Protein chains: 2
Amino acid sequence: MELDGRKLKILKAIIRNYLETGEPVGSRTLSKYTDLNLSSATIRNEMADLEELGYILQPHTSAGRIPSDKGYRLYVDDMMREKEQEVSGKEKEVENMKEFLIERVDKVELLLQQLAKQLAENTNYATMVTAPKYSTNKVKFIQLSRVEPGKLLVVVVIDGNIVRNTILDVEEELSDETLLHLNMMCNTSLNGLSINEINLGVIAKLKEQAGIHRAIVGSVLDAVAEAITVDNDLEIYTSGATNIFRYPELSDQEKARNLIGAFEHKELLTNLVQESLEGEGNQGIQVYIGSETPVQTMKDCSVVTATYELEEGVKGTIGIIGPKRMDYERVVNILKTLTTQLDNIYKKT
Amino acid sequence: MELDGRKLKILKAIIRNYLETGEPVGSRTLSKYTDLNLSSATIRNEMADLEELGYILQPHTSAGRIPSDKGYRLYVDDMMREKEQEVSGKEKEVENMKEFLIERVDKVELLLQQLAKQLAENTNYATMVTAPKYSTNKVKFIQLSRVEPGKLLVVVVIDGNIVRNTILDVEEELSDETLLHLNMMCNTSLNGLSINEINLGVIAKLKEQAGIHRAIVGSVLDAVAEAITVDNDLEIYTSGATNIFRYPELSDQEKARNLIGAFEHKELLTNLVQESLEGEGNQGIQVYIGSETPVQTMKDCSVVTATYELEEGVKGTIGIIGPKRMDYERVVNILKTLTTQLDNIYKKT
DNA sequence: AATTAGCACTCTACTCAAATGAGTGCTAAC
DNA sequence: GTTAGCACTCATTTGAGTAGAGTGCTAATT
């Protein structure tokens, strides 16, 4: 059996209707409210076929049909293909979001948290934003200072002016000159290097230069290593988890608990981020429908992720989590314009 | 009417039973399963009195009784009074928690997040932990460095070795000597001062010393001010929000949504923290029952908060949020031992 | 051969009444 | 003051009956 034009039309009509109402769609509804001009009986036959093909299913015998994951998939793919052509979308959607993004907050952390929140409020879905990840952190600047006797402050500035710091306990007392000297040494030896480039050779050379202070250099290197190591964890901001209560199909105890649990245990979301960064889809946008999701506890939802790239190799992910019947079109649009704008705003800097 | 000994006994029995089962308690149950040796009829009479006094109430005519907020209050106060005497509690409860606290993580942030998580897992309630708040932050050390041309890194170390940093854009190019000079100036003028002590006099003197670089000093002072300003916001870590689904009386859509919303919008929790820090109760432990809570959306819960104090004036709050029928005794015990241990661990440092 | 009308059938959701049972309040006896 | 006993209340459960939405199939129509 083939999926001819008419079947496709009917399928799309079913999906569109279901997206709107959230109720199973019956043959009579379609017959009346579409321009197909077919009787309900004919549509019933077609629907039986569509069900056999796996695009739709019945919650129970005497109910209408709802789209299956496979059905949604077809719909989304088709939609994405169309969008592709339509060069520039309607930018209005994110207009007010833009406004607040403009007045960039200092702390990236706060900005992203805010972004997640705004996005959740605008879409009525749950959202997730990861901090941009510098795939290759490079040391830009190192500063060692004595805070108080026995305490050494190590500040490391890395690409993108991210500042990390550690306080070390040191046994020996360092004179001002030694400190100055160590500072210079570290900067000349390490600046511009990434974690992989700081190899044994560099380390040995540095320790040699340090002479009697080699122990300290060791500690400092540890601190530097920690600072430039890309931490895979936790830098995920979420918002709007309670939005899932807007959708009855996600609101029962069991499902709500699972979902909200996933938002609480952010480590579960890392899979999602990972996968989303790897599989480059249409303009970095990826749609996971139901059980396609990499996060098991979200198998009753759909997830749309977008990758934004501040500069070469500096990527983050934005995700929107909603019911399978989410408004894919709108969500994809929002994410597209949003990522473009994020890029632009940061590139201006 | 008075609350005589027997009434009190019955009230306590009702509460204890209800804490266990979560079901309204009937007269027959009490008659059978307590050592009061009274018939159900007598107990019924007493219960009628207790209801009139406002300590218990009936969900509906033909149900047993459940404690009212006033009833719980009596119970908790009484319990706290008893605990007072019992000098040292059973410390075992937090034994495994201690274990992980011992291997202190560097980042306070992580530690507190972990603490919240562990606590939630151990108690099966929702938890909340705030970062210790230094009521009077003092500047301990300032370091200005040139990261790259036009960018000045300001690092401020404050009490408790908390490190804050800002990157400033500067117009003029600074020589190494100037930078060194500025560094010394800032440190000698500002070290040891709190936000209130950095007054116009200090500022004027500093600017005068700076001469042509007064503009920069202005920016630096702003950065310092930001660093030592106690930020009232957001430093709240939560965990175990999904635990509320364990308690049917909190699990319906409406309530669950409200509660989880409160955990998401952490700004709502600041009231709680505020109040808890101010009203010093029994060993810094405070119990809010039902509508006593400062956070409106939690009026169907009870909240137990504890204040911990790392050193003079450095305080944080731990909160446990559960159903009104939470195991107050256990929770209070855990919080007591936990705060003591937190103090000890940090004091060792 | 495709479409449609018609009808029997299925299944959910709702309503209603009756039965159940836990628990009370009150009265009269102890 | 305490208790036994009984009538009463009310939430919950159960089952029957009904309405309604929607289907699948067959036979008639185009």
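**Exercise 1. Find how many residues each chain gives to the contact between chains A and B, then describe the side of chain B.**

Solution.
Step 1. Chain B gives 23 residues and chain A gives 23 residues. Two residues are in contact if their C-beta atoms, placed from the backbone, lie within 7 Å.
Step 2. On chain B, the elements that give two or more residues are S5 (139-148), S6 (151-158), S7 (162-169) and H10 (253-264). Helices (H or I, at least four residues) and strands (E, at least two) are DSSP runs, numbered from the N terminus.
Step 3. H10(B) has the largest share, six residues.
Step 4. By class, this side of chain B holds 11 nonpolar, nine polar and three charged residues. Ala, Val, Leu, Ile, Met, Phe, Trp, Tyr, Cys and Pro count as nonpolar, Asp, Glu, Lys and Arg as charged, and the others, Gly among them, as polar.

The model is predicted: local features need pLDDT of at least 70, side-chain atom pairs count only at pLDDT 80 or more, and totals for chains, interfaces and linings use all residues. Residues are numbered from 1 along each chain as its sequence is written, with chains lettered from A and ligands numbered from 1 in the order in which they are written.

**Exercise 2. Work out how chain B is laid on chain A.**

Solution.
Step 1. A turn of 179° and a shift of 0.0 Å along the axis give an RMSD of 0.1 Å. The superposition is by least squares on C-alpha atoms of residues with pLDDT of at least 70 in both copies.
Step 2. This is the relation of a two-fold axis.
Step 3. Both copies use the same surface: 100% of the contact residues of chain B recur in chain A.

**Exercise 3. Identify which element gives the most to the surface near DNA strand C.**

Solution.
H3(B) does, with four residues. Near means a C-beta atom, placed from the backbone, within 6 Å.
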